[in-house]
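Welcome! Take a moment to look over the chain below, and then we can walk through it together.

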Amino acid sequence: NIFSTTGRIFDFIVPVIEDEVETTEKAGTLFRGNCLASKILSSYSVSVGKDYLRQLLVDPINSVIHEGDFEINPLKLRDGGDIEQNYANVRKGVQTFMDAILDSVYFCPLVIRKICA
């Protein structure tokens with residue numbers, strides 16, 4: 001929090017990220033597990049981004065909740081269910097989330113954009 005309030009958060013976060021990248025032996029384990037970098041990035045992202053995520057996701061979530069059936073497992077399909085329609089519902093739901101995410105890039109907190117860049 002001290003780094004954040006003084007505008008020097010990147011002086012703290014960048015070396016932590018660089019150390020994680022340099023010391024990780026396999027790309028698949030990067031930022032996984034109980035490492036310091038994961039904890040720092042997770043905590044900071046939550047504190048900076050939770051309002052952004054709430055604003056971003058509320059409409060897509062409500063839209064998907066009120067749309068049709070999304071079951072695409074034939075073994076769990078209800079009697080009379082239309083698996084092709086359900087696939088279409090899934091595609092539409094995913095597109096709703098993707099559109100919301102892509103349209104929100106300018107509302108995403110700058111520090112999160114810089115960390116992810």
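## A patch on the surface

Ile-101 counts as partly exposed because its relative accessibility is 39%. You will find Ile-101 in helix H4, which covers residues 83-103. Please keep in mind as you look around that this is a predicted model.

Ile-101 has company: together with Val-94, Met-98 and Leu-102, Ile-101 forms a nonpolar patch on the surface. The accessible area of these residues together is about 370 Å².

## Inside the model

Which residues make up the largest nonpolar core? There are nine: Ile-9, Ile-13, Val-16, Ile-17, Cys-35, Ala-37, Ile-40, Leu-41 and Tyr-44. Two or more residues of this core come from helix H2 (9-23), and the same goes for helix H3 (36-66). A second core, separate from this one, has five residues, among them Tyr-52, Leu-56, Cys-108 and Ile-112.

Ile-17 is a good residue to zoom in on. Setting aside neighbours within four places in sequence, Ile-17 is in contact with Phe-31, Leu-41 and Ile-115.

## A threonine in a loop

Between H2 and H3 runs a loop, and Thr-24 is found there. Is Thr-24 buried or exposed? Thr-24 counts as buried, because its relative accessibility is 18% and the cut-off for buried is under 20%.

The side chain of Thr-24 reaches the backbone oxygen of Glu-20 at 2.5 Å. If residues up to four places away in sequence are not counted, Thr-24 touches Thr-29 and Leu-30.

## Pairs of opposite charge

Side chains of opposite charge can pair when their charged atoms come close. In this model the count comes to three salt bridges. One of them joins Arg-54 and Asp-51, with the closest N and O atoms 3.5 Å apart. These two residues are three apart in helix H3, so about one helical turn separates them. Both Arg-54 and Asp-51 are exposed.

Another salt bridge joins Glu-67 and Lys-92, where the closest N and O atoms are 3.3 Å apart. This pair links distant parts of the chain, 25 residues apart: Glu-67 sits in the loop between H3 and H4, and Lys-92 in helix H4. Glu-67 is partly exposed at 33% relative accessibility, and Lys-92 is partly exposed with a relative accessible area of 49%. There is also a salt bridge between Arg-78 and Asp-69, whose closest N and O atoms are 3.7 Å apart. Here Arg-78 is exposed, at 59% relative accessible area, whereas Asp-69 counts as partly exposed at 22%.

Methods. Residues numbered from 1 in each chain as written. Predicted model: local features only at pLDDT ≥ 70, side-chain atom pairs only at ≥ 80, totals over all residues. Heavy atoms only, no water. Core = buried A, V, L, I, M, F, W, Y, C linked by side-chain atoms within 4.5 Å. Buried < 20%, exposed > 50% of the residue type's maximum accessible area, 1.4 Å probe, protein only. Helix = DSSP H or I, 4+ residues; strand = E, 2+ residues; numbered from the N terminus. Contact = heavy atoms within 4.5 Å. Patch = residues over 30% accessible without salt bridge, like charges linked within 9 Å, V, L, I, M, F, W, Y side chains within 5 Å. Areas by Shrake-Rupley, 256 points an atom, 1.4 Å probe, with all protein chains shown as cover. Salt bridge = Lys/Arg side-chain N within 4 Å of Asp/Glu carboxyl O. Polar contact = N/O pair within 3.5 Å; in protein donor to acceptor, adjacent residues only side chain to side chain.
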